[in-house]
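Work through the exercises below with the model open. Try each task before you read its solution.

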Amino acid sequence: MAELSELVDQAERCTLCAERFAATRTAHRPRPVVWLSNRAPILIAGQAPGARVHASGLPFDDRSGDRLRDWLGVERADFYDRDKFAILPMAFCFPGYDAKGSDLPPPRICAATWRAPAMMAMPQVRVKVLIGGYAQKWHLGTRQNVTQTVESWRDHPEGTFALPHPSWRNTGWLRRNPWFEQEVVPRLRDAVSLALDGRA
């Protein structure tokens, strides 16, 4: 526990990207949102906090989080219980917006600095939920795009699920790919339920 606590403390004080963030359209300061656990059986591996999460300090504290929790089949209270879920994005901080107002990608230095030590500190994880291309490439080593990776769900290691980002901007993707909610989501919910019951 002490090892993870020390890692969390260091990550929460990280300012590696201060100059990078100051140069973005939002000109914001680093605010690492660190939600790790050495007890939770389920890991949510996402991309990076958005502006709302940057403001609240609570991961997936937005409409995307509502959709994700629906996919997982869990209530908000369970999702934020660190005995149940750990959340490790590819970057702990909101990366900011580009000149067009689009989200910038997660800075690579964050994953290079923190991801391997964080994963080593959470050996109890049994179910990995990989959201978006950055997390999927890191964990699976895939070169496929997100649609191809999600569609290949049967080929992934046991307990590993690749998901599209739950952003409401992806509603069109969900309509074009009904197999995701028909085939993948029920199996994800089953795996989550089993893990929370201690049977995964």
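The exercises cover the sheet, one helix pair and three loop residues.

This is a predicted model, in which local features need pLDDT of at least 70, side-chain atom pairs count only at pLDDT 80 or more, and totals for chains, interfaces and linings use all residues. Residues are numbered from 1 along each chain as its sequence is written, and side-chain values use heavy atoms, with hydrogens and water left out.

**Exercise 1. The sheet**

Task: Give the strand order of the open sheet and say which strands stand at the edges.

Solution.
- Step 1. Fix the terms. Helices (H or I, at least four residues) and strands (E, at least two) are DSSP runs, numbered from the N terminus. Two strands pair if DSSP finds at least two bridges between them.
- Step 2. Read the order. Four strands make an open sheet, β2-β1-β3-β4, with parallel pairing.
- Step 3. Find the edges. β2 (85–87) and β4 (160–163) each have a single partner strand, so one side of each lacks a neighbour in the sheet.
- Step 4. Add the twist. From one strand to the next it averages 20°. Angles run from 0 to 180 degrees between N-to-C directions, and axes are lines fitted to C-alpha atoms, for helices over the stretch in contact.

**Exercise 2. Around β3**

Task: Trace the bridge partners that link β3 to β4 and to β1.

Solution.
- Step 1. Start with β4. Strand β3 (residues 127–131) pairs with β4 in the parallel sense, over four bridges.
- Step 2. Name partners. Val129 is bridged to Phe161 of β4. Leu130 is opposite Ala162, and Ile131 is opposite Leu163.
- Step 3. Turn to β1. Four bridges also join β1 to β3, again in parallel. Ala45 has Leu130 of β3 as its bridge partner.
- Step 4. Check burial. Buried means under 20% relative accessible area, exposed over 50%, partly exposed in between (1.4 Å probe, protein chains only). Four of the five residues of β3 are buried, so the rest of the structure largely encloses this strand.
- Step 5. Look at both faces of β4. In a regular strand, side chains alternate between the two faces of the sheet. Thr160 and Ala162 lie on one side, Phe161 and Leu163 on the other, and all are buried.

**Exercise 3. α4 against α10**

Task: Describe how α4 packs on α10, and what kinds of residue meet there.

Solution.
- Step 1. Choose the descriptors. Two packed helices are described by the angle between their axes and the distance between the axes.
- Step 2. Apply them. Helix α4 (residues 63–72) and helix α10 (residues 179–196) pack at about 75°, with axes 7 Å apart.
- Step 3. Classify the angle. α4 is therefore roughly perpendicular to α10. The cut-offs are under 35 degrees for roughly parallel, over 145 for roughly antiparallel, 65 to 115 for roughly perpendicular, and oblique for the rest.
- Step 4. List the residues. Contact means heavy atoms within 4.5 Å. Asp70, Trp71 and Leu72 of α4 meet Phe180, Glu181, Val185, Leu188, Arg189 and Val192 of α10.
- Step 5. Sort them. Six are nonpolar, none polar and three charged. Here Ala, Val, Leu, Ile, Met, Phe, Trp, Tyr, Cys and Pro count as nonpolar, Asp, Glu, Lys and Arg as charged, and the others, Gly among them, as polar.
- Step 6. Inspect α4 itself. Seven of its ten residues are buried, including Arg67, Arg69 and Trp71.
- Step 7. Finish at the ends. Asp62 caps the N-terminal end, with a side-chain oxygen 3.2 Å from the backbone nitrogen of Ser64. After α4 comes Gly73, with a positive phi near 75°.

**Exercise 4. Three loop residues**

Task: Are Thr24, Pro95 and Ala40 buried or exposed? Say also what each one touches.

Solution.
- Step 1. Locate Thr24. It sits in the loop between α2 (18–22) and β1. Its relative accessible area is 11%, so Thr24 is buried.
- Step 2. Check its polar partners. A polar contact is a pair of N or O atoms within 3.5 Å; within protein, one must be able to donate a hydrogen and the other to accept it, and residues adjacent in sequence count only if both atoms are side-chain atoms. The Thr24 side chain makes such a contact with the side chain of Thr26 (3.0 Å). A polar atom of the Thr24 side chain also lies 2.7 Å from the backbone oxygen of Phe21.
- Step 3. Move to Pro95. Pro95 is in the loop between β2 and α6 (108–120). Its relative accessibility is 6%, so Pro95 is buried. Beyond four places in sequence, its contacts include Thr24, His28 and Leu104.
- Step 4. End with Ala40. Ala40 is also in the loop between α2 and β1. At 0% relative accessible area, Ala40 is buried. Beyond four places in sequence, Ala40 touches residues including Phe85, Ala86 and Val125.
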